[in-house]
Each structure stands twice: as C-alpha cells, then as structure tokens.
Amino acid sequence: QDIHIKNLAYKSLDSSSWPIAQVYECLGSPIKQMVNRNDNSPPGPEAPSYTVLPANLLKLKRPPGGDISILDFGEASFASESRRKWHTPILLQAPEALLGEPVGQPTDIWAFACTIFAIFNNKPLFEGFMPKADDVLSEIVDTLGRLPKHWWRKWEQRGGFYEKDGRKKTDGLVEEYGEVKPLAVRLRRMRSSPPAAREAEHLSEEDLAGLQQLKELCLRYKPEDRATAEDILNLKWIRRLRANL
C-alpha cells in the first residue's frame, strides 16, 4: 500500500562505462561557463578556466535502461487485512479512505491509477492546494460524478460544495476550486495539446486511449467493481509499456 510517485525510484545503469558518444546522445553536449575574476584579469592556476553545468536528467526522452523500484513498505499489510488508517497522499485517496471506511486492495488500485495519470501528465488527476478530505471529495465528484447514495449522505460537508439537487455551488467558499471537469474533459485536454506540450513523454493517441481505459476500470466508486492487479497487467497498453521497460 501507499503507492505514489514519491515512493517510486529509478535506478539507472552504471554510466561509467558508456562511450562519450552515448553520454552526449543521452544527455546532450556539455554546456561550458567561463570563469571570470572580479577584477577581470585572467584566472590563475588556482581555478579552472571554465566549469560545466550539471546534466539535466529531466531532458532524457527515455532513460537508457535501469530498474524501477517501489520504496517504503511501512504502510504495507496483508491482502486479507481490512484497515481504516491510510497515509497515502490525500489527492490519491479513494472515497472510502476519505470517508473513514475500511480500505484494502481496491483502494490501492485507485491510488495506482491516479499515480499513472500523474506520471504521464506531470500533474495530479485531482488537484488542490493544501487540500482537505472534503476538497478532494469535491474534485472526485466534479470529475467522476455524484457519489453513491450512502457515501453522499455520509459526506457531512457536501453542502459547502453542492446544492441539495447535486448542482455545484458557484458562490462563496467553493469559487476558488474552479469549474467542473469530468474525466473525459481532462483527457480531451491532454489529447488536444500539441505533441510538444505533452511533457517529456509526448503522449501518443495510444497512450491517451490506454489512460482512459485504465481510469474507467480503476476509478469506479464501488471498490468491488474496480479492476484487480491481474486485470491491469493483462491490459494491452500496460503489456506494451512493460515490454518497453
């Protein structure tokens, strides 16, 4: 449990044996900055004539091999356990966790889907500045639609965000949270972005379709209706991603 970006680590291959040409191909040519003295006289032997800026690993279109590891198993538990305490970042928490109900594997599946979206889009699916549980629940409803009746009734602060008929309030405290943005709209905005604006991965139409399918299978309100880990591993898009690692 506790799956999110900060608990994922990429371990690159040892680059000490790379030929110079491969280093330049992956990281670009060195960027030199000349060393100047305050009095504008030539540098002496006590300092180099130039320095080289650190390589920007974020510019890598694709890391040259290596392993991806999951870190921090302090929140891990047996699959058969039912828990109520959940320390996953709040923007990744499923409704049952936000409402204080038992959590388990389906809650992990929800967090996994949110994490995959954040990796590909470079920002979270559900957004908020220092959000509380009620803020995240509002984001979820704006994206996926109204909660099931028992959750809707249990959510005590829903009146601060929605009218009695379920319409989003447009005045007062909730104005800062912006417009309702259904999942299809969020994905369409990613799709409509030109390739150069789709972050480092340059999302393809296949990637966007895969993300949409993943969200539809994993971001279901009823925990028992969400995809299992085995279901996800068998998705064509996920199999392609794994093959390219």
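The following exchange goes through how some features of this predicted model are classified.

Reader: What should be known about the model and the numbering?
Author: This is a predicted model, in which local features need pLDDT of at least 70 and side-chain atom pairs count only at pLDDT 80 or more, while totals for chains, interfaces and linings use all residues. Residues are numbered from 1 along each chain as its sequence is written, and side-chain values use heavy atoms, with hydrogens and water left out.

Reader: What makes a stretch count as a helix or a strand, and how many of each does the chain have?
Author: Helices are DSSP runs of H or I with at least four residues, strands are runs of E with at least two, and both are numbered from the N terminus. The chain has 9 helices and 4 strands. Their order from the N terminus is β-α-β-β-β-α-α-α-α-α-α-α-α.

Reader: Why is the pair of W110 and F126 called stacked?
Author: Rings of Phe, Tyr and Trp (its six-membered ring) pair if their centres lie within 6.5 Å; planes under 30 degrees apart are stacked, over 60 edge-to-face, and the rest tilted. The centres of W110 and F126 are 6.2 Å apart and the planes are at 20 degrees, so this pair is stacked. W110 belongs to helix α3 (residues 105–121) and F126 to the loop between α3 and α4 (133–144), 16 residues apart, and the pair links distant parts of the chain. The structure holds 7 aromatic pairs.

Reader: What makes W155 and Y162 an edge-to-face pair?
Author: Their centre-to-centre value is 5.9 Å and the angle between the planes is 70 degrees. The angle is over 60, the cut-off for edge-to-face. W155 and Y162 also belong to a cluster, in which ring pairs link them with W152 and F161.

Reader: Why is W152 called buried?
Author: Buried means under 20% relative accessible area, exposed over 50%, and partly exposed in between, with a 1.4 Å probe and protein chains only. W152 has 6% relative accessibility, so this residue counts as buried. W152 lies in helix α5. Leaving aside residues up to four places away in sequence, W152 touches V141, R146, L147, R158, Y162 and G166, where contact means heavy atoms within 4.5 Å. W155 and Y162 are both buried, and W110 and F126 are buried as well. Over the chain of 245 residues, 31% are buried.

Reader: Why is G145 placed in the partly exposed class?
Author: The relative accessible area of G145 is 26%, so the value falls between the two cut-offs and G145 is partly exposed. G145 is found in the loop between α4 and α5 (149–154). Its contacts, not counting residues up to four places away in sequence, are I140 and Y221.

Reader: How do you know that K32 sits over the ring of Y50?
Author: A charge sits over a ring if NZ of Lys or CZ of Arg is within 6 Å of the ring centre and within 35 degrees of the ring normal. K32 lies over the face of Y50 at 4.5 Å from the ring centre.

Reader: Why are α3 and α7 described as roughly antiparallel?
Author: Axes are lines fitted to C-alpha atoms, for helices over the stretch in contact, and angles run from 0 to 180 degrees between N-to-C directions. Angles under 35 degrees count as roughly parallel, over 145 as roughly antiparallel, 65 to 115 as roughly perpendicular and the rest as oblique. The axes of α3 and helix α7 (residues 205–218) cross at roughly 160 degrees and come within 9 Å. The two helices are therefore roughly antiparallel. Among the α3 residues that meet α7 are W110, F117 and F120, and the α7 side includes L211 and L214.

Reader: What makes α7 and α9 oblique instead?
Author: Helix α9 (residues 236–244) packs on α7 at about 125 degrees, with the axes 9 Å apart. That angle lies in none of the other classes, so α7 and α9 are oblique to each other. In α7, E206, D207, G210, L211 and L214 meet W237, R240 and L241 of α9.

Reader: What makes the phi values of N40 and M130 worth listing?
Author: Most residues other than glycine have a negative phi. Phi of N40 is near 65 degrees, and M130, also not a glycine, has a positive phi of about 45 degrees. N40 lies in the loop between β2 (32–34) and β3 (50–52), and M130 in the loop between α3 and α4. N40 is exposed at 71% relative accessible area, and M130 is exposed at 68%.
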